[in-house]
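Below are my comments on the model, set out as numbered points. Please read them with the sequence and the coordinates side by side.

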Amino acid sequence: MSDVVSSSITGNLADTTTHANALADALAWFDITASDQEERRRLSGIAEQMAGEIIEAFYDHILSFDQASKHFQDEEHINRVKRAQVRYFEEFVSADIDDAYIENRRLIGRIHEQAGVTPTLYIGAYAFYMHRLGHVILDKLAEKPEEAFRLMLALLKISHFDMSLALETYVETREETIQNRERELSELPTPVLKLREGLLLIPVVGTLDSHRARSLTVELLEGIREHRAQVVVLDITGVAGVDSAVANHLIQSMSAARLMGAASVLTGISAEVAQALVKIGVSGQQLNTAGDLQQGIKIAEKLIGT
């Protein structure tokens with residue numbers, strides 16, 4: 001469904017036709033018609049008055065919960081957010097749903113995610129907001145219940161569209177954060193530690209991708225040459241998982257070490273790494289392996305002959 005909704009709206013800004021079609025598809029997905037957009041504009045003349053009434057009740061509600069109130073630093077912060085809420089409401093009932101409108105809703109999602117506002121807090125608060133709005137509309141159109149119902153249906157469609165934009169942005173922001181952390185971890189240097197004469201330890205922590213695995217091979221071989229190592233313990237306890245290509249790099253690194261006259265011991269193999277090794281046809285007989293670093297060092301010392 002996300003292909004239909006927000007992610008596709010901003011997917012190809014350079015292609016105006018494709019972009020316009022994506023927006024039309026997204027509005028159609030939420031059944032938001034031109035009539036709905038026009039219907040809500042009947043509130044635009046009294047938006048500020050309505051917003052004040054709804055927003056006061058809204059903040060009385062959310063500030064009564066510790067989990068929500070902790071996101072506000074002081075009274076000035078609350079007043080600033082209230083003013084932003086008034087602008088939000090005015091756009092909600094009067095603005096065209098275009099690129100600027102969508103970007104504004106996506107910005108709200110990014111701000112909430114970065115501030116630690118969970119989707120549950122966000123959706124719950126939005127639900128209260130819409131409930132209060134519904135009551136205000138029913139009061140103002142008490143003599144015209146059919147018009148009130150039609151108006152509320154239009155606003156609900158648009159509110160769901162808004163929420164989808166914000167939540168899509170939550171996901172995108174978190175994925176971006178995870179990717180940045182993985183990139184930082186993949187760029188961590190891999191130390192070559194001399195434990196004793198002839199014995200090296202290489203602890204690998206973080207993400208191990210193909211690029212880092214190639215660098216690891218270089219550091220491993222240079223370490224063997226520099227320290228005249230007889231055995232190298234390669235500890236991957238700090239690596240959550242690897243794909244088949246990286247697993248193959250590890251095997252090639254250990255084979256290259258053998259060509260330079262050094263044995264290798266692989267320690268700290270997780271279930272994911274073990275599965276990746278099996279996928280490329282590696283068996284336990286082909287490698288010196290140990291469940292943890294302590295056992296690995298014992299095996300290494302035996303190989304050295306002490």
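1. In this predicted model, the charged end of Arg-105 sits over the ring of Tyr-88, at 3.9 Å from the ring centre. Arg-105 also lies over the face of Tyr-101, where the distance to the ring centre is 4.2 Å. Arg-105 is therefore placed over two rings by the criterion used here, since both distances fall within the 6 Å limit for a charge over a ring.

2. Tyr-88 also takes part in ring pairing, and a count of eleven aromatic pairs is reached under the rule of centres within 6.5 Å. Among them is the pair of Phe-58 and Tyr-129, which is edge-to-face, with 5.4 Å from centre to centre and 90 degrees between the planes. This pair links distant parts of the chain, given that Phe-58 belongs to helix α4 (residues 47-62) and Tyr-129 to helix α8 (residues 119-140), 71 residues apart. Phe-58 has a relative accessible area of 6% and is therefore buried, and Tyr-129, with a relative accessible area of 3%, is buried as well.

3. How are the rings of Tyr-88 and Phe-92 arranged, stacked or edge-to-face? Tyr-88 and Phe-92 form a stacked pair, with 6.4 Å between the centres and 15 degrees between the planes. Because Tyr-88 and Phe-92 are four residues apart in helix α6 (residues 75-94), they are separated by about one helical turn. Both Tyr-88 and Phe-92 are buried.

4. Ring pairs join Phe-58, Tyr-59, Phe-72, Tyr-88, Phe-89, Phe-92, Tyr-122, Tyr-126, Tyr-129 and Tyr-170 into a cluster. Several of these residues recur where α6 and α8 meet: Gln-85, Tyr-88, Phe-89 and Phe-92 in α6 are in contact with Tyr-126, Tyr-129, Met-130 and Leu-133 in α8. The axes of α6 and α8 come within 14 Å and cross at roughly 65 degrees, and the crossing of α6 past α8 is right-handed.

5. The largest nonpolar core has 44 residues, and those with the most contacts inside it are Phe-89, Phe-92, Tyr-129, Leu-133, Ile-137, Leu-155 and Phe-161. At least two residues of this core come from each of α2 (16-29), α4, α6, α7 (99-115), α8 and α9 (145-186), and α9 gives the most, with ten residues. Leu-155, when residues up to four places away in sequence are left aside, touches Arg-40, Leu-43, Phe-92, Val-93, Met-130, Leu-133 and Ile-137.

6. A second core, separate from the largest one, has 27 residues, including Ile-224, Val-232, Val-242 and Val-282.

7. Two backbone positions deserve a look. Asp-31, although it is not a glycine, has a positive phi of about 60 degrees, and its place is in the loop between α2 and α3 (34-40). With a relative accessible area of 45%, Asp-31 is partly exposed, because this value lies between the limits of 20% and 50%.

8. Arg-228, likewise a residue other than glycine, has a positive phi, near 50 degrees. Arg-228 is found in the loop between α10 (210-227) and β3 (231-238). Is Arg-228 buried or exposed? The relative accessible area of Arg-228 is 73%, which is over the 50% limit, and the residue therefore counts as exposed.

Conventions. Residues numbered from 1 in each chain as written. Predicted model: local features only at pLDDT ≥ 70, side-chain atom pairs only at ≥ 80, totals over all residues. Heavy atoms only, no water. Phe/Tyr/Trp six-rings, centres within 6.5 Å; stacked < 30°, edge-to-face > 60°. Buried < 20%, exposed > 50% of the residue type's maximum accessible area, 1.4 Å probe, protein only. Lys NZ or Arg CZ within 6 Å of the ring centre and 35° of its normal. Core = buried A, V, L, I, M, F, W, Y, C linked by side-chain atoms within 4.5 Å. Contact = heavy atoms within 4.5 Å. Axes fitted to C-alpha atoms, helices over the stretch in contact; angles between N-to-C directions. Left-handed = near helix turned anticlockwise from the far one by under 90°.
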